[in-house]
Amino acid sequence: MVKNTLLQVWPIPAFDDNYIWCIHDGESALVVDPGDASPVIQYLNEQKLALMGILITHHHADHTGGILQLLQTFGSIPVFGPATIDIPGRTQAVMEGDKIEIAAPRLSLKVLEVPGHTLSHIAYFANMQANVVEPMLFCGDTLFACGCGRLFEGSPTQMSESLAKFAALPKNTLVYCTHEYTLSNIRFALAVEPNNANLISWAQRAQELRDKKLPTLPSTIGQELQVNPFMRCDTKEVIASASEISGEVNLKTPAHVLAVIRAWKDRF
Ligand code: ZN
Ligand code: FE
């Protein structure tokens with residue numbers, strides 16, 4: 001029988017500030033970027049969920065460290081990951097435009113290649129479907145609430161193009177980032193755009209959520225376009241701040257602006 005209950009997406013906290021997102025229908029589950037197996041096993045056991053697959057966005061250990069133990073525990077389940085790098089335990093190598101059809105929990109995903117944080121970084125996008133009310137994006141360490149990943153391997157141009165792919169998704173897309181970095185990202189965003197009214201009110205709401213130890217995620221694409229300086233490298237406010245901090249008057253492209261504010265954030 002095909003389960004048609006609405007899919008739930010739940011954050012399993014790991015390490016200091018990671019979220020391992022669990023997508024499930026009440027019986028079958030997928031997890032995204034399990035850097036650690038034990039909190040995943042504990043959650044699945046408590047909720048009586050069967051792990052049916054693993055989605056990996058990039059090769060860093062805090063996103064992949066739990067794969068092998070989960071395979072030992074749950075048997076041979078598919079492990080999706082970027083095709084352009086070797087990730088131990090990966091069974092399904094995927095690339096830009098690939099469609100992933102999962103039977104349980106029933107879900108269709110599209111793969112986006114989003115280099116920047118790492119060169120082989122991918123994201124998974126689920127548009128609306130029978131059991132998905134709002135589109136969902138699992139973006140790994142490419143996009144954070146009010147921030148973006150550090151450029152460990154890719155260039156500012158690559159990150160700028162990756163964020164542009166996200167910006168083109170429906171505004172109501174729920175954005176499932178893998179770290180709770182929101183408050184510190186907001187502090188930096190306020191330095192870039194001290195007069196952004198949406199950002200100022202988000203700062204207050206995010207603080208209230210964290211005071212209650214609640215996640216500030218998921219975000220949405222629409223929200224990030226209003227408050228995230230890295231998604232706003234084409235706005236006059238962010239361009240003006242980038243010019244001021246760098247002393248460069250001629251910041252011609254969003255990638256150039258992103259290069260300036262990413263370097264600023266790295267030393268902030
Ligand atoms: Zn990472
Ligand atoms: Fe990470």
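These are my notebook entries on two metal sites and one helix in a predicted model.

**Entry 1: the zinc ion**

I began with the zinc ion (ligand 1) and listed its donors, which are His58 through NE2, His60 through ND1, His117 through NE2 and Asp141 through OD, at 2.2 to 2.3 Å. Along the sequence I found these donor residues spaced H-x1-H-x56-H-x23-D. I then looked at the angles among the four donor atoms, which run from 85 to 171°, and I noted the site of the zinc ion (ligand 1) as irregular. For a tetrahedral label all angles of four donors would have to lie between 85 and 135 degrees, and I kept in mind that water is not among the atoms, so sites may look incomplete.

**Entry 2: the iron ion**

Next I turned to the iron ion (ligand 2), which is coordinated at 2.1 to 2.3 Å by Asp62 (OD), His63 (NE2), Asp141 (OD) and His179 (NE2). Its four donor atoms make angles of 84 to 168°, and I entered this site, too, as irregular. The spacing of the donor residues of the iron ion (ligand 2) in sequence reads D-H-x77-D-x37-H.

**Entry 3: what the two sites share**

Which residue coordinates both the iron ion (ligand 2) and the zinc ion (ligand 1)? I found that aspartate 141 does, and that the two ions are 3.3 Å apart. I then checked where the donors sit: histidine 63 lies in helix H2 (residues 61–64), while aspartate 141 lies in the loop between strand E10 (136–140) and strand E11 (143–144), so this pair ties together parts that are 78 residues apart in sequence.

I went back to the zinc ion (ligand 1), which also has aspartate 141 as a donor in common with the iron ion (ligand 2). There the pair of histidine 58, in the loop between strand E4 (50–55) and H2, and aspartate 141, in the loop between E10 and E11, links distant parts of the chain, 83 residues apart.

Are these donors buried or exposed? Histidine 58 and aspartate 141 are both buried; for aspartate 141 I noted a relative accessibility of 3%, and for histidine 63, also buried, a relative accessible area of 0%.

**Entry 4: helix H8**

Last I looked up helix H8 (residues 236–246), whose buried residues are Val238, Ser241, Ala242 and Ser243. Residues three or four places apart in an α-helix point the same way, because there are 3.6 residues a turn. Among the elements that cover the buried residues of H8 I wrote down helix H5 (182–192) and helix H9 (254–266). Just after H8, I noted that glycine 247 takes a positive phi of about 70°.

Conventions. Residues are numbered from 1 along each chain as its sequence is written. Chains are lettered from A and ligands numbered from 1 in the order in which they are written. This is a predicted model: local features need pLDDT of at least 70, side-chain atom pairs count only at pLDDT 80 or more; totals for chains, interfaces and linings use all residues. Side-chain values use heavy atoms; hydrogens and water are left out. Donors are N, O and S atoms within 2.8 Å of the metal (3.2 Å for Na, K and Ca); water is not among the atoms, so sites may look incomplete. Four donors count as tetrahedral if all angles lie between 85 and 135 degrees; four count as square planar and six as octahedral if opposite donors are over 155 degrees apart and all others between 65 and 115; anything else is irregular. Helices (H or I, at least four residues) and strands (E, at least two) are DSSP runs, numbered from the N terminus. Buried means under 20% relative accessible area, exposed over 50%, partly exposed in between (1.4 Å probe, protein chains only). Contact means heavy atoms within 4.5 Å.
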